[in-house]
Amino acid sequence: MRAVLARIASRPLPAPLLGGLALLAVMVAFTVSPGTFAPYDPLAFDYNALLSPPSAAHLFGTDQFGRDILSRTIAAAAVDLQIALFATIFPGLLGSLIGLFVGWYGGVADAVFGRLVDLVVTFPFLVLVIAIVAILGPGLANMYIAVTAVGWVFYARLMRGEVLVQKSGEYVAAARVLGYSTPRIIFRHILPNAVRPVLVYAVTDMALAILLGSSLGYLGLGAQPPTAEWGVLIADGKNFFTTAPWIVLFPGAAIVLAGLGFSLTGDGLADLLEVRR
Amino acid sequence: MTLLAVEGVSKRFPARRGLVDVLSGRPRQAVHAVEQVSLEVRRGETLGIVGESGCGKSTFARCLVRLYEPDEGAIRFEGADVLALQGDARRNFNRHVQMVFQDPYGSLNPRMTVGDTLAEALSVHAVVARAQVPARVRELLDLVHLPADAAERYPHEFSGGQRQRIGIARALAVEPSLIIADEPVSALDVSVQASIVNLFLELQARLGLTLVFITHDLRLVKHMTHRVAVMYLGRIVEVGPTADLFAAPRHPYTQALIRAVPHVKPAAREARRNRQAAVTGELPSPLKPPPGCAFHPRCPIAQPACAQAVPALEDRGGAWPVACIRVSG
């Protein structure tokens, strides 16, 4: 970790990473204090301004109930940021631990793991998630459970591969000759060297998580109305697309920008964390 | 006097079996990396182990520190059975027997500073009190002739020779009595090799270390070891005092190896050309070692009897043991 901090201090950050971090900073600001940025209450109806196009009073226009789209897009940032984090952290942690374990111990655990991975990746990711949410019932909590139940596989596979590479390194042999305990070798020596691709993948995966959350929201399986969530906003506006496209366009643009922010950050992080040998 | 005694140690690696092999009931093949090696390491000496690449010397080194568990045999360190050690006793053994690795680039954790690497060894084994760790790290760096500010830097900031010094400092951190050096200089430039070799000699004199020095470089062996064991295809074929053994090698393989050492002086080169050719052919596959003496297919003095039985490592009328039925007196 100190290596990374020292590198950050010594080198100017690349422009794509700065751009990505700026986009994420906006999202975080909207999450921390939506009231500062949103001109209206995102849930307040205004029957004098139904389906009004973008104007000085409503920069992004209003929906069929007269709710301000700008305010709703800003309010949705909190939900989507939560989705981006939780839908990667839970499967990321679970998968990394499993990958660390099977990579280190190998043998039967690894063989069972391999078959399990084959089984899970046979199904399209989204179909499997939708199936699990359909069984558990719609809602964000169940969505996280479904994403974790499916998504851990990708993290575990990545981590396992890295652990296999690292554990054959001579520095691990040196640690064993020095009599270090297995937990110390796994967590202090292997993990810091194996975690980089997993971290980078996780940040990039956050972009996909937002798309997934929005997709499930759109399908009515994720965040539930009237909660503002970008996918839900798009689903709300789809019937008015030809007459009031602004209801759909602005949350859609928010999804694109958030995804871009995570992707750029992920790429920048990959460069930054590269270890020199 | 004996610090480490090795008795009949063997290590085999099972080969992969294809489906056809399994179905036809063929027995599982194994690579015989180390076969029936017996050896003793005396306190304070430098023991060289030489042999061609692939003769099992690195595997043997890894068996000594239990990176590999031998399939047969016993290893005794100061009388205690090393292979039976568990838990704290095993950690204590690790404190006394350390290893220096071949690859100076891969043997250091790239994510830890040199200071952290050394401090970890010191604190895990509680070599010194916690407050004294930074001072001891500086002492260790000084011992291997690295500047004190090396502690804050990462391995990638050092050259190969410097990294090997760090590896040596890490081994020394736990104050071992025996260091096993597995080809510690073969990855380095020749000019750097000399400085590392001299460091080993200096440390041995200063700290009273016992060294097992594994290499394929006969000149290094001649320069720095007291005794030498010659390995061929997993077995020791000859073991004796370095000076005597170089002056009058007894085993035909040792003779061929010593004859193969390149000479710088033209006269010596000329003399060598006029002598018998060095060993010819390739090292046989350790999956299917030749029957009897493993060296007989390449041996200039082989007889039919050589293919009958594995020759024992015995004195055979000389001052040190040799495993060849053609040798007498």
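**Exercise 1. Which side chains meet Arg184(A) in a salt bridge, and how many salt bridges does the rule find across the interface of chain A and chain B?**

Solution.
- Start with the pair. In this predicted model, Arg184(A) meets the side chain of Glu120(B) in a salt bridge, at 2.7 Å from N to O.
- Apply the cut-off. A salt bridge requires a side-chain nitrogen of Lys or Arg within 4 Å of a carboxyl oxygen of Asp or Glu.
- Take the total. Between chain A and chain B the rule finds 2 salt bridges.
- Add the polar contacts. Chain A and chain B have 12 residue pairs in polar contact, counting pairs with both residues at pLDDT 80 or more.

**Exercise 2. Which helices of chain A each supply at least two residues of the side that touches chain B? How do the residues of that side divide?**

Solution.
- List the helices. They are helix 1 (2-10), helix 8 (170-177) and helix 9 (182-218) of chain A.
- Sort the residues by type. The side of chain A that touches chain B has 11 nonpolar, 4 polar and 8 charged residues.
- Count both sides. Chain A gives 23 residues to the contact, and chain B gives 30.
- Finish with the area. The two chains bury about 2400 Å² between them, with 53% of it on carbon and sulfur atoms.

**Exercise 3. In what order do the 4 strands of the open sheet in chain B stand, and why is one side of strand 2 and of strand 5 left without a neighbour?**

Solution.
- Read the order. The strands run 2-1-4-5 in chain B, with antiparallel pairing.
- Look at the edges. Strand 2 (30-42) and strand 5 (80-81) of chain B each have a single partner strand, so one side of each lacks a neighbour in the sheet.
- Check one pairing. Strand 1 (residues 2-14) and strand 4 (residues 72-77) of chain B pair over 5 bridges, in the antiparallel sense.
- Pick out a bridge. Leu4(B) has Phe77(B) in strand 4 of chain B as its bridge partner.
- Place the helix. Helix 2 (residues 57-64) of chain B packs on this sheet and touches strand 1, strand 2 and strand 4 of chain B. Its direction makes about 120° with that of strand 1 of chain B.

**Exercise 4. What is the order of the open sheet of 6 strands in chain B, and which strands are at its edges?**

Solution.
- Give the order. The sheet reads 6-7-8-3-9-10 in chain B, with mixed pairing.
- Name the edges. Strand 6 (97-100) and strand 10 (235-241) of chain B each pair on one side only.
- Note the twist. From one strand to the next, the twist averages 15°.
- Find a parallel pair. Strand 7 (residues 178-182) and strand 8 (residues 210-215) of chain B pair in the parallel sense over 5 bridges. Asp182(B) has Ile214(B) in strand 8 of chain B as its bridge partner.
- Add a helix. Helix 6 (residues 160-173) of chain B lies across strand 6 and strand 7 of chain B, at about 175° to strand 6 of chain B.

Conventions
Residues numbered from 1 in each chain as written. Chains lettered and ligands numbered in written order. Predicted model: local features only at pLDDT ≥ 70, side-chain atom pairs only at ≥ 80, totals over all residues. Heavy atoms only, no water. Pairing = 2+ DSSP bridges. Contact = heavy atoms within 4.5 Å. Axes fitted to C-alpha atoms, helices over the stretch in contact; angles between N-to-C directions. Buried area = accessible area lost by both parts, 1.4 Å probe. Polar contact = N/O pair within 3.5 Å; in protein donor to acceptor, adjacent residues only side chain to side chain. Nonpolar A, V, L, I, M, F, W, Y, C, P; charged D, E, K, R; others polar.
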